[in-house]
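Biologist: Could you take me through the salt bridges in this one? I'd like a close look at which side chains pair up and where they sit.

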Amino acid sequence: MPLIPGPRLEPPKNEPRPWAANTGQIKLLELVAPASGLSARDFHLYWRNHHSPHVMRVAAFSQFIRKYLCAHRLPAHDLSLPFAWIQSPAEGVAEVWLDSVEEAGRWFSHPAYAELIAPDEARFLCSDGGVEVTLMKVETIVDKDADLAETGMIKLYLLGHRPDDMPRDRFHAACSAHAAMIAQQTDFVRLAVSHRLSEPIGLDGWPPSKIDVAFEFWFPDQGGAIEFLLKNQASMIAAEKNLLRPGGSRLVIGVLHAVHDEMSFQPTTTQPLPLVWGPVPEKRL
């Protein structure tokens, strides 16, 4: 197995029908839950302060990672949300971007995962089915700032499952249209749809995922996320009745932490200082 993966792939901005093929850059989306007996606070502290940096320090494992983003769920007492969606019991969402499905297979099967990463995951992650993993293709709907500093922002994930009687291609096309409709109603800095791959390649040993699509919305603060939900819940829920499996929609709202990002200049754990693209402004005395 080569030590260094192949040339980095530029993620497509507007790939037509991204759900139709498993080629190109993919994203591993993981709903995380704490190990038994671990408080929510201890779970998030360990995840952010130990596990995430540990993953990036293991060079043999982190070499495959193009972006690593964590959304730490807001405390339940801060989420008095008067709407019909079900809040996921997950304590957060982890996103890992990889160049291809093949890289995902190499990533999970790498000896460093079994030796150094998996034992650390066992210290803080639930081991009885509470963790859910899905491989997805990302479709960008709105992206006004490619170098958006995501740490500290609020991200809303609306997770849905395809109805059994709806063909897969029609389902994902309808999800894209639904996201485009939402984008016309609200001024987003970033909005994306993640489509589940047609085959769960590279996920041997993980339980089947119940996530077929993830609508993803970025907000500068919690107030913006709540205001968006209250303003649009009626129209969105009405549209989703014919789109998503009844009772299968889940919501996660979390505070973002960018651990690593090779695709932008945003400050991250591995690149903590902000960078500016272009000429440096002259200093005035």
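Modeller: Sure, let's start with Glu15 and Lys137, whose side chains meet in a salt bridge at 3.3 Å, N to O. This pair ties together distant parts of the chain: Glu15 lies in the segment before β1 (26–32), while Lys137 belongs to strand β5 (residues 132–143), 122 residues apart. The two ends differ in how they are covered. Glu15 is partly exposed, with a relative accessible area of 22%, whereas Lys137 has 2% relative accessibility and counts as buried, because the cut-off for buried is under 20%.

Keep in mind that this is a predicted model. Back in the segment before β1, Arg17 has a salt bridge of its own, with Asp169, and the closest N and O atoms there are 2.4 Å apart. Asp169 sits in helix α5 (residues 168–185), so this pair too links distant parts of the chain, 152 residues apart. Arg17 is partly exposed at 44% relative accessibility, and Asp169 is partly exposed as well, at 35%.

Then there's Lys155 with Glu216, where the closest N and O atoms are 2.9 Å apart. Here the link runs between two strands, from Lys155 in β6 (residues 154–160) to Glu216 in β8 (residues 213–219), 61 residues apart in the chain. Both Lys155 and Glu216 are buried. They also belong to a network of salt bridges that links them with Lys27 and Glu95.

As for the whole structure, a search finds 17 salt bridges, including the three pairs above.

Terms used. Residues are numbered from 1 along each chain as its sequence is written. This is a predicted model: local features need pLDDT of at least 70, side-chain atom pairs count only at pLDDT 80 or more; totals for chains, interfaces and linings use all residues. Side-chain values use heavy atoms; hydrogens and water are left out. A salt bridge is a side-chain nitrogen of Lys or Arg within 4 Å of a carboxyl oxygen of Asp or Glu. Helices (H or I, at least four residues) and strands (E, at least two) are DSSP runs, numbered from the N terminus. Buried means under 20% relative accessible area, exposed over 50%, partly exposed in between (1.4 Å probe, protein chains only).
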